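This report describes one protein model for a reader who is beginning to study structure. Please keep the sequence and the three-dimensional view at hand while reading.

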Amino acid sequence: MSRTAQPWPPVPAEPVIAHPQAPAPGEKLPMHYAECFGCGDELDGGLHMRSTVGEGQTVRAQFTVTDAHQGAPGLAHGGLLACAFDEALGSIVGNLLRRPAVTGRLETDFRRPVPVGSTLFIIARLDGMAGRKIYVSADGHLDAEDGPIAVQARSLFVLVDFDHFTTHGHPQSMEKIMEARRRKPDRDWDINP
Ligand SMILES: CCCCCCCC/C=C\CCCCCCCC(=O)SCCNC(=O)CCNC(=O)[C@H](O)C(C)(C)COP(=O)(O)OP(=O)(O)OC[C@H]1O[C@@H](n2cnc3c(N)ncnc32)[C@H](O)[C@@H]1OP(=O)(O)O
């Protein structure tokens with residue numbers, strides 16, 4: 001397989017227009033679900049990722065690799081690194097568009113080993129949209145925002161209705177999220193706008 005860059009987005013795409021009430025640059029993003037493996041605080045072995053909105057339709061997320069995240073001894077498991085990118089990319093779509101979406105496709109390039117104890121500084125960006133398809137990408141820098149790039153990812157998210165989660169997931173878990181959001185109405189989602 002060639003490492004030559006393929007065109008991205010892979011189809012003609014429009015710029016993404018952020019929601020008028022999207023969080024502003026500098027704003028810290030809350031976890032979206034306490035039991036989320038990526039950002040939730042109720043799972044001991046989860047990634048416990050935290051993110052902040054950056055300038056120019058970006059989100060900055062950090063993932064610190066622990067012993068719970070190993071593949072080879074002392075090194076992060078590639079699947080967990082992909083998970084960290086899924087979280088960061090889902091976070092930029094969900095928070096800047098404020099519409100529900102799911103990952104349709106996620107591709108990763110692992111360029112350097114990521115040791116236990118290191119922190120990946122992930123910068124995710126919105127690259128374009130075509131109908132329900134949202135194209136996003138991210139770079140993961142090792143141990144500093146300007147550190148060497150260890151992992152890169154490109155992803156397609158597909159906008160869905162809230163029914164997606166109640167039909168295919170656990171309606172009671174969805175209710176837990178909605179209840180938390182009712183307590184913070186400024187963070188309410190546009191449902192089928
Ligand atoms: C999440 C909680 C929400 C609560 C809100 C709180 C705030 C949250 C804020 C932020 C946090 C978010 C953080 C989360 C991060 C993690 C996200 C995940 O890991 S999501 C789980 C993994 N993903 C799945 O489980 C999807 C499973 N797949 C599906 O359900 C369907 O395949 C789906 C919805 C993706 C598409 O199905 P269709 O029937 O609706 O639509 P069709 O027509 O098939 O696709 C639409 C378009 O997309 C293209 N497409 C779909 N999949 C593609 C693929 N793999 N490659 C290329 N194109 C694809 C198709 O070709 C089509 O394109 P054409 O419109 O015809 O041009």
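## The shell around the ligand

Helix H1 supplies the largest share of the shell around the ligand, namely six residues. The model is a predicted one. Three elements give two or more residues each to this shell: helix H1 (78-97), strand E4 (101-110) and strand E7 (149-159).

The ligand has 21 residues around it, and those that come nearest are His32, Gly90, Gly94, Gly104 and Arg105. By type, the shell divides into seven nonpolar, nine polar and five charged residues.

## Helix H1 and the loop after it

How many residues does H1 have, and how far does it reach? The helix has 20 residues, and the distance from its first C-alpha to its last is 28 Å, close to the 28 Å expected at 1.5 Å a residue. An α-helix has 3.6 residues a turn, so residues three or four places apart point the same way. In H1, 14 of the 20 residues are buried, so the helix is largely enclosed by the rest of the structure.

Arg98 follows H1 and has a positive phi, near 50 degrees. The loop between H1 and E4 contains Pro100. Is Pro100 buried or exposed? Pro100 counts as buried because it has 20 C-beta neighbours inside 10 Å, and 20 or more are required for that class. Pro100 and His164 are 64 residues apart in sequence, while their C-alpha atoms are 9.0 Å apart in space.

## The order and edges of the sheet

Seven strands form an open sheet with antiparallel pairing, in the order E1-E2-E3-E5-E6-E7-E4. Strand E1 (28-29) and strand E4 stand at the edges; each has a single partner strand, so one side of each is left without a neighbour in the sheet. H1 packs on the sheet and touches E1, E2, strand E3 (58-64), E4, strand E5 (119-130), strand E6 (133-142) and E7. The direction of H1 makes about 135 degrees with that of E4.

Strands of a sheet pair through backbone hydrogen bonds, either parallel or antiparallel. At the edge formed by E1, two bridges join this strand to E2 (residues 50-54), and the two run antiparallel. Leu29 has Ser51 in E2 as its bridge partner.

## From E5 to E4

E5 and E6 are paired in the antiparallel sense over 10 bridges. Within this part of the sheet, Ile122 stands opposite Gly140 in E6. The hairpin of E5 and E6 has two residues between the strands, and Gly131 takes a positive phi near 65 degrees there.

E6 is in turn joined to E7 by nine bridges, and these strands run antiparallel. Gly140 stands opposite Val151 in E7. What separates the strands in the hairpin of E6 and E7? Six residues lie between them, and in this hairpin Asp143 takes a positive phi near 70 degrees.

E7 also pairs with E4, in the antiparallel sense and over nine bridges. Here Leu106 stands opposite Ser155 in E7. Strand E4 thus appears in two settings: E4 stands at an edge of the sheet, and E4 is among the elements that give two or more residues to the shell around the ligand.

Terms used
Residues are numbered from 1 along each chain as its sequence is written. This is a predicted model: local features need pLDDT of at least 70, side-chain atom pairs count only at pLDDT 80 or more; totals for chains, interfaces and linings use all residues. A residue is near a molecule or strand if its C-beta atom, placed from the backbone, lies within 6 Å of it. Helices (H or I, at least four residues) and strands (E, at least two) are DSSP runs, numbered from the N terminus. Ala, Val, Leu, Ile, Met, Phe, Trp, Tyr, Cys and Pro count as nonpolar, Asp, Glu, Lys and Arg as charged, and the others, Gly among them, as polar. The expected span of a helix is 1.5 Å times one less than its number of residues. A residue is buried if 20 or more other C-beta atoms lie within 10 Å of its own, exposed if 12 or fewer, and partly exposed in between; C-beta atoms are placed from the backbone. Two strands pair if DSSP finds at least two bridges between them. Two residues are in contact if their C-beta atoms, placed from the backbone, lie within 7 Å. Axes are lines fitted to C-alpha atoms, for helices over the stretch in contact, and angles run from 0 to 180 degrees between N-to-C directions.
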